[in-house]
Every structure is written in structure tokens, then in C-alpha cells.
Amino acid sequence: MTVNDYLKGNYDLAPANPVGAKKDAPSPATASLEEEFERQALQKLGGSIAFIKKSKSFIWKGPSGDHAR
Amino acid sequence: MTTLAERLAARLGEITLAKTAELGVENARKNLPYLKRTIADLETDAPGDNAIVIAAGPSLHRSHPIEALKSADFRGLVIAVDGSLGYCLRNGVVPDYVVTVDPHPYRIVRWFGDPDFATRPADDYFRRQDLDPAHWKDEERRNEELLELVDRHGARIRCVIATCVDPSVTRRCHAAGMELYWWNPLYDDYDAADSVSRRVFELNGVPCMVTGGNCGSAAWIAAHAVLGRRRVALVGFDLGYPPGTPLQRTQYYVEMTQLFGDRLGEYFSEFEHPQTGETWHADPAYHWYRQIFLQLVQEAPCETFNCSQGGTVFGPGITLLDFASFLKTHDGRR
């Protein structure tokens, strides 16, 4: 008897190589780990200030202002 | 397939908005007592077409463009970013403008000389950065030197200052005699229901300006969109790390080493500079800034000359030129 004989688990594991999966595609478990890894990285990263460019203009002078440049 | 660095860069817009918007609005509220002029007051400023933006990238200290600038009869505008102000003043150049935007609570005031340096939290940011090597050589003495230089020349410098900056930056610039010209960063879509941009505009009535995500890009935008320059030269505008940079001297080194471990190499993108053939590295933040800049340069009503002699900022719409040639071509003309 080995330890493995006693460890039956209490949920079904996803198959290591799902049927139809491309050979180089990450498994769902790997993809999830990668997403978690990226999420943790993003928690520590950031630019100096937010950025958006909505119109041709670089300046917004309010709802009634002109967008001169 | 996208790289890890590209995937992280693609998310930085939303991440940066989340991290800076509320702090920016709060600082805008604290800065209200100092609002007298805005960038709208600069739009009819001195006539002329040429400007030089002195950003704070490592090429500034590799190629020393200030020597060429000092020996030229350049009569256009000289615009420094906060991180290059000390470099300019130490080398005998008082810029016409300095631009500042980052809302960090205590790091940015160091670029102007921090009166509260002794009581700041322990921070190796400046020692690790290649932005201005002077800052990691005897930091206390350099801070004292910068305090004196900014106090001596502040009255000749106009500060293009974002409302989101920490009030310590505002107080420092004000105390040094700088005229403050305010702008709100354009944070997000002003037509959105819960727009931060609109909220801060309603708070202070100050025009909002596209940022480019960082101070160097904001300075370039101010040069053409506010000051009306049609030809803008960039120096020290690298958005990357030069070859041979120790990892310890990159932003987020500690955090990223802990997280990435053996995968740290995936964190950087490589760019071969067309003029020098050198390979520069961009972390996700620089990668994001670079993508933004390449987009904006297509829409800008100015010619853009990158005279940095290095970095990652090259592509359609950007003329790579050595700085001496720019000065020679545009010398003497406003």
C-alpha cells in the first residue's frame, strides 16, 4: 500500500490533454495560472498618469468650450 | 502571438486610470487655492515655431545634448520635464518652461529640490533610476544643490503644472517664484456618465490636456497643442533602458524580480535603434508610453524630431536627427 492508494480526492480533475486541444494551446489550468500571474504583475505596474485621446483635439475646454488644438 | 510584455502593456491604460484618477482629483481639490492661470493663458505666448523638449531619459547623460544647446544660438522655446530640470540648471541652462504631471505623493518634489527631504520615507527610487545619475550620488548634497538652483532661477521658469500633482510640488514651485500654468490631465471619456475628466473640470474649470501617459509626452503635447510650436525636437526622450543597464536600475526591479523570477526576461521588449544599432529595452510601462506616442505623433500638427540618439521612440512621423543638425538647421529662427 502506498499513500496514493489512500488519496482518492474529492473532485474530478480535468484531463491533462483535453480531446481536440491543439498541441501547443495552454490547458485551462495553465491559462488560469497565467492570468493570475498577469493580474499580480499588473497590481505592481502603472504609468505616471492616465491617458485617453477621444477626439482630434489635444485639449478639452469643457462641454461648451472649443477644442482649439 | 503576443508576448507577456505586450499583454501587460495592453492593460496599463485601465490600470493607470484606476491608480491615478482618485488621487488626481483629491490633489486637484487641494491645489485649488493656487489656481490663478491656466494653459489657456499661454496660447498667445511668444511667437515662433521651434521648441526643444528636454526629457529625462538616460540618453541625456550619454550624449550630453546640453553642450550643443549652449553653444548654439537657439531662440526657440526650451521645455524641460521635471526630471531634467536639475540637469538643465546644473549645466547653466534655465528652461523657459518645466512640465510636471505625476501625482506621486513624495517623489516628484525631489526634481525641484525637496525641502522635507530629511523626513521622507526610505526610498531607493532615485538611486535605482538612470534618470539623473546625480541623484544617486550623495542624494542629500544634490538635494541641497537643487534647492538652491531652483530658488535662484525659479522666477524665470514657467511651470506647466497638472492639477493632479501632490501639493508639495505646488508649494515648492510657488515658493521658488515660478508662474504656475495649470491643466487637468484628460483622464477618461468626458462624455461618459461617471467621467473623472468632467468631474475635475467642473471642480476647477481648468482645460484638460491629453497626457501621453508620462511627463515627457505631456511636454511634447504642450509644445504643439498649447504653445503652438510647429517643429519640436526631443532629447533624452528614450522610453527605454540602454544596453547594459543592470536590472537593479530598472523601475519595479524589486517587485518584478519577486514575481517573475526566472521569467524576468519576458518582462522586457527589445528595440534596435535605427541610427545606433543598439538594442534598448522597454518594460511594459515604457512599451505602453511608446505605443501611445507613436499614435499621437500621427495626429499632431507639428514636425517631431527625435534627437535623443537612442531609445525606443522611432517610427512613422518621427524624424531621427542628431541634435547638432537640428540646431544648425533651426538655429537663429524662432
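In this predicted model, H64(B) is partly exposed, because 14 other C-beta atoms lie within 10 Å of its own, a count that falls between the limit of 12 or fewer for an exposed residue and that of 20 or more for a buried one. The residue sits in the loop between α2 (59-63) and α3 (65-71) of chain B, and its phi is near 45°, a positive value in a residue other than glycine. A positive phi in a residue other than glycine is also found at Q309(B), where the angle is near 60°. Q309(B) belongs to the loop between β11 (303-306) and β12 (318-320) of chain B, and it is buried, with 20 other C-beta atoms within 10 Å; since a residue is counted as buried at 20 or more such atoms, Q309(B) stands at the cut-off itself.

From these two loops one can turn to the parallel strands of chain B, beginning with strand β3 (residues 77-81), which pairs with β4(B) in the parallel sense over three bridges. Within this pairing A80(B) stands opposite V98(B) of β4(B), and the connection between the two strands is made by helix α4 (residues 82-90) of chain B, so that β3(B), α4(B) and β4(B) form a right-handed β-α-β unit. Strand β4 itself covers residues 97-100 of chain B, with Y97(B) and V99(B) pointing one way and V98(B) and T100(B) the other, and all of these residues are buried. β4(B) is also joined by four bridges to strand β5 (residues 158-162) of chain B, the two running parallel, and here Y97(B) stands opposite R158(B).

R158(B) has a bridge partner in β6(B) as well, namely E179(B), and β5(B) and β6(B) are paired in the parallel sense over five bridges. Between them the chain crosses from β5(B) through α7(B) to β6(B), and this β-α-β crossover is right-handed. The helix of this crossover, α7 (residues 167-175) of chain B, has V169(B), T170(B), R172(B) and C173(B) among its residues, and these four are buried. Seen down the axis of α7(B), the buried residues fall within an arc of 165°, and therefore they line one face of the helix. What does this face meet? The buried residues of α7(B) pack against α1 (4-31), β4, β5 and β6 (179-185) of chain B. Just after the helix, G177(B) takes a positive phi of about 90°.

Strand β6(B) deserves a closer look: five of its seven residues are buried, so the strand is largely enclosed by the rest of the structure. Besides β5(B), strand β1 (residues 37-38) of chain B pairs with β6(B) in the parallel sense, over two bridges, and in this pairing W182(B) of β6(B) is the bridge partner of T38(B). Two bridges also join β6(B) to strand β7 (residues 208-209) of chain B, again with the strands running parallel, and N184(B) stands opposite C208(B) of β7(B). The unit formed by β6(B), helix α8 (residues 196-204) of chain B and β7(B) is a right-handed β-α-β unit.

Helix α1(B), against which the buried residues of α7(B) pack, also meets another helix. Two packed helices are described by the angle between their axes and the distance between the axes. The axes of α1(B) and helix α11 (residues 284-299) of chain B come within 8 Å and cross at roughly 65°, and the crossing of α1(B) past α11(B) is right-handed. On the side of α1(B) the residues involved are A5(B), E6(B), L8(B), A9(B) and L12(B), and they meet P284(B), A285(B), H287(B), W288(B) and Q291(B) of α11(B).

There remains chain A, which has two helices and one strand, arranged along the sequence in the pattern α-α-β. Of its 69 residues, 17% count as buried. How many residues of each chain take part in the contact between chain A and chain B? On the side of chain A there are 22 residues, and these are in contact with 44 residues of chain B. The elements of chain A that give two or more residues to the side touching chain B are α2 (28-44) and β1 (59-60), and the largest share of that side, five residues, comes from α2(A).

Conventions. Residues numbered from 1 in each chain as written. Chains lettered and ligands numbered in written order. Predicted model: local features only at pLDDT ≥ 70, side-chain atom pairs only at ≥ 80, totals over all residues. Pairing = 2+ DSSP bridges. Arc of directions from axis to C-beta. Contact = placed C-beta atoms within 7 Å. Axes fitted to C-alpha atoms, helices over the stretch in contact; angles between N-to-C directions. Left-handed = near helix turned anticlockwise from the far one by under 90°.
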